[in-house]
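Hello,

Here is the structure I promised to pass on to you. Please have a look at it first, and then read on for my notes.

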Amino acid sequence: MRHLRRVNLIVALLLLPSWAQADPPKVSSFFPGGGRIGESVRVEAKGTLKPWPVQIEVDRPGICFTAEEEAGVFTVSIPDDAVPGITWVRLFNDEGAATLRPFQIGTLPEVLEVEPNTADREAQPIDQPTGVVVNGRLEKSGDVDSFAVELESGETLVVALEANNRLGSPMDGKLQIVSPEGFVVDHADDAPLLDPSLAFTAPTSGTYIVRAFAFPAQPDSSIRFSGSDDYVYRLTLTTGGYLDLAHPSVVGQELETDVAAVGWNVSDETEGLQVAPGPERTAVAWHPDLAGSVEMTVAAFPVVLAATITEQPAPLPALICGQLGEDGEANRMLLKGEPGTSIRLRVEARAFGSPLDAVLTVEDSSGTQLAEMDDLRRELDPELTVKVPDDGMLHVQVRDLHRRGGSRYLYRIEAREPAPEFAMTVAADAFVLDPEKPLSIEVTIDRQGGFKEAVTISLEGLPEGVTAEPVVSEAEGDSSKKVTLQLSSTTASAWSGPIRILGTVEGADDCVSATAERVGGSRTEALWLTVRPAS
């Protein structure tokens with residue numbers, strides 16, 4: 001009898017619908033981590049992807065992920081008119097969705113890293129005449145990837161590693177250049193984020209070795225080079241032009257700002273950049289003859305160059321973009337505000353990849369210092385608030401703490417009255433609703449600048465049969481900081497799709513979208529809901 005019951009249980013399990021045996025997809029990396037404009041590339045997704053195939057959502061039109069027969073493998077087609085930069089990819093099925101993963105679009109020819117290439121004598125030859133992107137992976141602890149590049153005397157090689165910042169790889173990458181005689185002649189660590197880059201000018205002709213290796217991005221007790229299947233990187237090696245930053249570092253709403261390339265081996269012909277719309281209030285600056293691309297913020301108010309307000313003041317509010325072009329340089333600029341009002345000056349430099357360690361100083365017209373700030377808490381980008389003097393004039397100065405300068409020493413200053421405002425965050429970018437029980441989504445409200453208004457929080461984009469009553473975050477009390485949305489389902493159908501969590505204030509024209517952190521540290525409003533079918 002026991003034997004018969006066991007057989008019946010096995011038969012019952014086999015008769016369950018296929019979705020009951022499925023799991024939501026989980027993706028820890030794509031390899032390779034990107035591809036070139038106008039080409040197709042075979043890409044392997046690491047993670048849990050059963051059953052196969054999964055469904056795919058891509059945030060850029062024209063870029064197509066096609067699931068192949070082999071589990072975890074896609075063919076990615078990139079159109080000729082694609083814009084370089086990151087596209088965000090979500091894999092999903094009826095049981096749930098993976099978190100968003102980045103895939104990088106580039107302009108240079110691309111090759112795969114070939115093992116063994118740990119020792120210098122095994123270095124993989126790079127024979128592209130002007131440049132190449134190597135798609136590699138530090139597969140195990142102690143792994144070092146080496147590449148041999150022929151350089152002429154006086155030739156400048158740009159080496160740039162993309163891993164943690166853009167691809168979300170859990171690695172803190174390092175770079176070394178080894179001379180033909182076997183000596184380490186250049187080295188790069190953080191620049192200034194975890195992904196290093198360098199420009200090396202060869203003193204003599206010969207074969208130079210580029211080494212790439214890493215420590216874990218989250219330090220542990222080991223003191224050795226680290227690696228895993230998820231230590232995916234894209235290594236640019238080029239003697240041509242490389243786009244590192246853009247000046248100004250923000251653009252206006254119409255994307256009409258003239259934007260100049262900042263990087264290495266940039267000529268007059270490649271200095272002016274194209275600017276295209278990006279996802280979620282961003283823009284992408286690029287040039288077809290330059291490696292690299294820059295993601296730019298789209299400003300909510302006027303963009304002003306620091307060099308244009310040294311004598312004529314800029315009215316507030318404004319976003320001021322500047323550059324410390326030489327060692328020892330300090331930029332001075334004039335701002336005009338309403339006397340007696342408070343003005344917040346927030347500098348960003350390290351936040352978007354500039355090496356500048358900014359010092360911000362504010363004086364009145366007599367030269368009396370009103371305020372000075374170096375670092376803000378643990379951040380190297382300063383912020384301060386000052387009261388506008390009786391004549392309405394603020395004399396602002398920006399310099400580097402160590403008196404350094406150069407084309408890459410860019411900054412921007414957001415100058416405006418501190419406005420009461422709020423932001424909303426959630427802990428994940430994907431959620432699952434079961435028909436048998438409600439789904440709770442906790443929303444955290446960050447009230448800034450003395451914001452004391454009730455906020456109504458609701459969900460947009462829900463399918464028919466799924467309900468969620470709006471909740472109110474009151475001005476005071478527990479709900480002022482956190483509220484919980486409750487979702488319930490009466491539908492028998494499976495559904496997957498994007499949703500938004502919106503916060504509105506009575507009398508205000510605009511709403512605020514809740515964001516979730518995605519790999520690489522950026523944030524997204526692109527949330528996802530999966531509704532599982534009723535059994």
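**A pocket to start with**

In the second largest pocket, 17 residues form the lining, and E57, D59, E280, P498 and A526 are the ones nearest its centre. Please keep in mind that this is a predicted model. The volume of this second largest pocket is about 290 Å³. Four strands give two or more residues to its lining: β4 (55-58), β7 (85-93), β43 (495-504) and β47 (527-531). Of these, β43 gives the most, with 3 residues. Sorted by class, the lining of the second largest pocket has 9 nonpolar, 1 polar and 7 charged residues.

**Closed spaces**

How many cavities of 30 Å³ or more does a search of the whole structure find? The search finds 2. The largest cavity has a volume of about 130 Å³. Its lining counts 13 residues, and G106, V133, R234, T236 and G292 are the closest to the centre. Two elements, β9 (101-106) and β19, give two or more residues to this lining, and β9 gives the most, with 3 residues. By class, the lining of the largest cavity divides into 5 nonpolar, 6 polar and 2 charged residues.

The second largest cavity holds about 60 Å³ of space. You will find S29, F30, G33, R101, P102, L167, S169 and V232 along its lining. Here β1 (26-31) and β9 each supply at least two residues. The classes in this lining are 4 nonpolar, 3 polar and 1 charged.

**A sheet and a hairpin**

Strand β19 also belongs to an open sheet of 5 strands, in the order β10-β12-β19-β14-β17 and with mixed pairing. At the edges are β10 (110-112) and β17 (197-201), each pairing on one side only. On average, neighbouring strands of this sheet are turned by 20° against each other, direction ignored. Within the sheet, β14 (residues 156-162) and β19 (residues 232-238) run antiparallel and are joined by 5 bridges. L161 stands opposite L235 in β19.

There is also a hairpin to look at, made by β15 and β16 with 5 residues between them. In its turn, G182 has a positive phi of about 95°. The strands β15 (residues 171-178) and β16 (residues 184-188) run antiparallel, with 4 bridges joining them. L175 stands opposite A188 in β16.

**Salt bridges**

The structure has 25 salt bridges by the count used here. One of them brings us back to the sheet: the side chains of R234 and E110 meet at 2.8 Å, N to O. This pair links distant parts of the chain, with R234 in strand β19 and E110 in strand β10, 124 residues apart. Is R234 buried or exposed? R234 counts as buried because its relative accessibility is 3%, whereas E110, at 21%, counts as partly exposed.

Another salt bridge joins the side chains of E414 and R344, at 2.9 Å, N to O. E414 lies in strand β35 (residues 410-416) and R344 in strand β30 (residues 342-348), so this pair ties together parts that are 70 residues apart in sequence. Both partners are buried, E414 with a relative accessible area of 14% and R344 at 12% relative accessibility. Salt bridges with shared partners join R344, R346, E414, R416 and E421 into one network.

Finally, K46 and E44 meet in a salt bridge at 3.5 Å, N to O. K46 counts as partly exposed, at 23% relative accessibility, and E44 counts as partly exposed at 26%.

Enjoy exploring, and best wishes!

Note on methods: Residues are numbered from 1 along each chain as its sequence is written. This is a predicted model: local features need pLDDT of at least 70, side-chain atom pairs count only at pLDDT 80 or more; totals for chains, interfaces and linings use all residues. Side-chain values use heavy atoms; hydrogens and water are left out. Two strands pair if DSSP finds at least two bridges between them. Axes are lines fitted to C-alpha atoms, for helices over the stretch in contact, and angles run from 0 to 180 degrees between N-to-C directions. On a 1 Å grid over the protein atoms alone, a cavity is a set of points where a 1.4 Å probe fits but cannot get out, and a pocket is an open set with protein on both sides within 12 Å along at least five of seven lines; lining residues have an atom within 4 Å of a point. Grid points are joined across faces, edges and corners, and a volume is the space filled by probe spheres set on the points. Ala, Val, Leu, Ile, Met, Phe, Trp, Tyr, Cys and Pro count as nonpolar, Asp, Glu, Lys and Arg as charged, and the others, Gly among them, as polar. A salt bridge is a side-chain nitrogen of Lys or Arg within 4 Å of a carboxyl oxygen of Asp or Glu. Buried means under 20% relative accessible area, exposed over 50%, partly exposed in between (1.4 Å probe, protein chains only).
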